[in-house]
Amino acid sequence: MNTINHYAVFGSPISHSKSPRIHQLFAMQTHQNLDYIAQEVTANNFISTVENFFKKGGVGLNCTVPLKELAWQFANKKTERAEFAKAVNTLALQSDGTILGDNTDGIGLVNDLVFNHDIELKNKRILILGAGGATRGILSPLLEQQPDYLIVANRSVEKAAALAIEFNNKFTSCSFDALSGEKFDLIFNATSASLNDELPPLPPNLLTENGICYDLAYGNLPTAFVRWGTSQNARKSLDGLGMLVEQAAEAFKLWRGIQPNTKSVIELLNSER
Ligand code: NDP
């Protein structure tokens, strides 16, 4: 019998999540029998809820803000990219009953930039705002694209400094204040400020002439950072919907062994905004 497999995304806040819709579209497209729900889970109840999920027959889970570092601790085994990031956004039940942790955020972001938006990263000056789980996931894939240099700025500057040491100083860290006078070709907002329609305190004139802004957060309306990018005359000011679909496709591939088509799903979700 073709039994239904259960998947979910845990996080807080989670009501805005488009992940259930994306996985439902992937499942329809590839004729997979599965359901996928979004559940509000905080750091305090993460362990008990995740244990219960797998005990009750769940086979795959996504973890988002603020759970990625906890999910990394929870996984019995990790893929190389998740091990390196020390953050996990995808958990998969294995045939021996263990839980594998993966991080598909970085490849999702790079696929969106390169294949959906034709954006080159080589020799570019890159700024990442934020030093949480999402930044951990995207750092290595961005560095692999050989930017000219990469800076991570964070509100808690000591967190960014610790991350730089962990990554063998392959990038530099600083506070938001210290960005004054710097210029970047690409600015990624990997803070969770947009979830509250807030903006990190950024000095003006950070973008080069053809500079691009990319908010990892997404929403039906332009996020605070996307609006900021537009006000700074960015050539493109994008949100993270494409990344979301691309990272979901990588998780789907891990769970179901099938690569879904992302372009049609991105087009559909954009038309629904
Ligand atoms: P975390 O909770 O792990 O980290 C949050 C980060 O945001 C920290 O660096 C924190 O700084 C900073 N921050 C929070 N509020 C503010 C503020 N008001 N001003 C300045 N900095 C702030 O979250 P994640 O890293 O997991 O996620 C970050 C964002 O990326 C979220 O919006 C999430 O939705 C998005 N995301 C999108 C994905 C996609 O597929 N499109 C995938 C992954 C993430 P401090 O250290 O000082 O507290």
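# Sheets, rings and backbone exceptions

Colleague: In what order do the 6 strands of the open sheet with parallel pairing stand?

Modeller: Strands (E, at least two residues) and helices (H or I, at least four residues) are DSSP runs, numbered from the N terminus. Two strands pair if DSSP finds at least two bridges between them. For the open sheet with parallel pairing, the order is β9-β8-β7-β10-β11-β12.

Colleague: Which strands stand at the edges of that sheet, and by what angle are neighbouring strands turned on average?

Modeller: β9 (172-174) and β12 (236-238) have a single partner strand each, so one side of each is left without a neighbour in the sheet. Axes are lines fitted to C-alpha atoms, for helices over the stretch in contact, and angles run from 0 to 180 degrees between N-to-C directions. With direction ignored, the average turn between neighbouring strands of this sheet is 20°.

Colleague: What pLDDT do side-chain atom pairs need in order to count?

Modeller: Residues are numbered from 1 along each chain as its sequence is written, and side-chain values use heavy atoms, leaving out hydrogens and water. This is a predicted model: totals for chains, interfaces and linings use all residues, local features need pLDDT of at least 70, and side-chain atom pairs count only at pLDDT 80 or more.

Colleague: Which residue of β10 is the bridge partner of I126?

Modeller: β7 (residues 125-129) and β10 (residues 184-189) pair in the parallel sense over 4 bridges. L129 stands opposite N189 in β10. The bridge partner of I126 in β10 is L186.

Colleague: What hand does the crossover from β7 to β8 have?

Modeller: β7 and β8 (residues 149-153) pair in the parallel sense over 5 bridges, with L127 and I151 as bridge partners. A crossover is right-handed if, with the strands pointing away from the viewer, the path from the first strand over the helix to the second runs clockwise. The chain passes from β7 through α6 to β8, and this β-α-β crossover is right-handed.

Colleague: How many of the 12 residues of α6 are buried?

Modeller: Buried means under 20% relative accessible area, exposed over 50%, and partly exposed in between (1.4 Å probe, protein chains only). Among the buried residues of α6 are R136, I138 and L142. Helix α6 (residues 133-144) is mostly covered, and its count of buried residues is 11.

Colleague: Which are the edge strands of the open sheet with mixed pairing?

Modeller: This sheet also has 6 strands, in the order β2-β1-β3-β5-β6-β4. Pairing on one side only are β2 (34-40) and β4 (77-78).

Colleague: At about what angle does α1 run to β2, and about what angle does the direction of α9 make with that of β5?

Modeller: Contact means heavy atoms within 4.5 Å. Helix α1 (residues 19-30) lies across β1 (5-11), β2 and β3 (58-63), at about 175° to β2. Helix α9 (residues 241-256) packs on the sheet and touches β1, β2, β3, β5 (90-93) and β6; its angle to β5 is about 10°.

Colleague: Why is the ring pair of F84 and F167 edge-to-face or stacked?

Modeller: Rings of Phe, Tyr and Trp (its six-membered ring) pair if their centres lie within 6.5 Å; planes under 30 degrees apart count as stacked, over 60 as edge-to-face and the rest as tilted. By this rule there are 11 aromatic pairs. The centres of F84 and F167 are 5.6 Å apart and their planes stand at 80°, so the pair is edge-to-face.

Colleague: How far apart in sequence are the parts that this pair ties together?

Modeller: F84 lies in helix α4 (residues 80-85) and F167 in the loop between α7 (157-166) and β9, so the parts tied together are 83 residues apart. F84 is partly exposed at 46% relative accessible area, whereas F167 is buried at 4%. The separation asked for is 83 residues.

Colleague: Which ring does the charged end of K78 sit over?

Modeller: A charge sits over a ring if NZ of Lys or CZ of Arg is within 6 Å of the ring centre and within 35 degrees of the ring normal. The charged end of K78 is 4.2 Å from the centre of the ring of W72.

Colleague: What is omega for the peptide bond between V65 and P66?

Modeller: Most peptide bonds are trans. The bond from S12 to P13 is cis, with omega near 0°. V65 and P66 are also joined by a cis bond, with omega about -5°.
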